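User: Could you take a close look at one loop in this model for me and walk me through what surrounds it? Once that's done, I'd like to see how it sits against the rest of the chain.

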Amino acid sequence: GVAQDAPETLKEFRKTNPIPWPNIADDHGILGKAWGVQYLPSAVLVDHTGVIRHVWLDGVDPDRMWAEVDRLVEAAEKK
């Protein structure tokens, strides 16, 4: 995950909102600009080999996102 907050803000948020994946703070928006993020939340789905498989840059539909995650996990488990 990439948060567009200061590292201290992200750390405090994670104390009360545990997130089960690694997160980094992009408080200067460098990654967001490089990836063309226009709206928050946006998402970039990276597979187990590090390949970007799907990008949502105009908001996230959680149902569609989790369906893609499930599909990629199933594919990775078959290898």
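Analyst: Sure, let's start with Y39. In this predicted model, Y39 touches L57, D58 and G59, leaving out residues up to four places away in sequence. Y39 itself sits in the loop that runs between helix 2 (30-34) and strand 3, and strand 3 covers residues 43-46. So is Y39 buried, partly exposed or exposed? Its relative accessibility is 47%, so Y39 counts as partly exposed. The cut-off matters here: a residue needs over 50% to be called exposed, and Y39, at 47%, therefore stays in the partly exposed class. For a sense of spacing, take D61: Y39 and D61 are 22 residues apart in sequence, and their C-alpha atoms are 13 Å apart in space.

The same loop gives us a second residue to look at. P41 also belongs to the stretch between helix 2 and strand 3. With residues up to four places away in sequence set aside, P41 touches G59 and V60. That makes G59 a shared partner, as both Y39 and P41 touch G59. The accessibility call, though, goes the other way across the cut-off: P41 has 52% relative accessibility and so counts as exposed. Two C-alpha separations help to place P41. W66 is 25 residues away along the chain, with 15 Å between the C-alpha atoms of P41 and W66. L10 is 31 residues away along the chain, and the C-alpha atoms of L10 and P41 are also separated by 15 Å.

Now for the elements on either side of the loop. On the N-terminal side, L31 lies in helix 2. L31 counts as partly exposed because its relative accessibility is 26%. Leaving aside neighbours within four places in sequence, L31 is in contact with V2, I24 and D26. L31 and A3 are 28 residues apart in sequence, and their C-alpha atoms lie 9.8 Å apart.

A3 and I24 lead us on to L10, in helix 1. Which residues does L10 contact once its neighbours within four places in sequence are left aside? They are A3, N23, I24 and A25. I24 is thus a partner of L31 as well as of L10. L10 counts as buried, since its relative accessibility is 10%.

On the other side of strand 3, have a look at D47, in the loop between strand 3 and strand 4 (52-56). D47 is an acidic residue that is tucked away: it counts as buried because its relative accessibility is 11%. Its side chain makes a polar contact of 2.7 Å with the side chain of R53. With residues up to four places away in sequence not counted, D47 touches R53 and L72.

Stepping back to the whole chain, there are three helices and four strands, and from the N terminus they run β-α-β-α-β-β-α. The C-alpha trace spans about 40 × 30 × 25 Å along its principal axes. Of the 79 residues, 18% count as buried, D47 and L10 among them. Among contacts between residues at least 6 apart in sequence, 17% join residues at least 24 apart. The chain exposes about 6100 Å², and carbon and sulfur atoms supply 56% of that area. As for charge, there are 9 positive and 13 negative side chains, and the centres of the two sets lie 5 Å apart.

One last point, on confidence. The chain has a mean pLDDT of 87, and 100% of its residues reach 70 or more. Among the elements, helix 1 (residues 7-16) has the highest mean pLDDT, at 92, while strand 3 has the lowest, at 85. That puts the lowest element mean right where our loop ends, as the Y39 loop runs from helix 2 to strand 3.

Note on methods:
Residues numbered from 1 in each chain as written. Predicted model: local features only at pLDDT ≥ 70, side-chain atom pairs only at ≥ 80, totals over all residues. Heavy atoms only, no water. pLDDT = per-residue confidence, 0-100. Buried < 20%, exposed > 50% of the residue type's maximum accessible area, 1.4 Å probe, protein only. Contact = heavy atoms within 4.5 Å. Areas by Shrake-Rupley, 256 points an atom, 1.4 Å probe, with all protein chains shown as cover. Lys, Arg positive; Asp, Glu negative; His and termini not counted. Charge placed at Lys NZ, Arg CZ, Asp CG, Glu CD. Polar contact = N/O pair within 3.5 Å; in protein donor to acceptor, adjacent residues only side chain to side chain.
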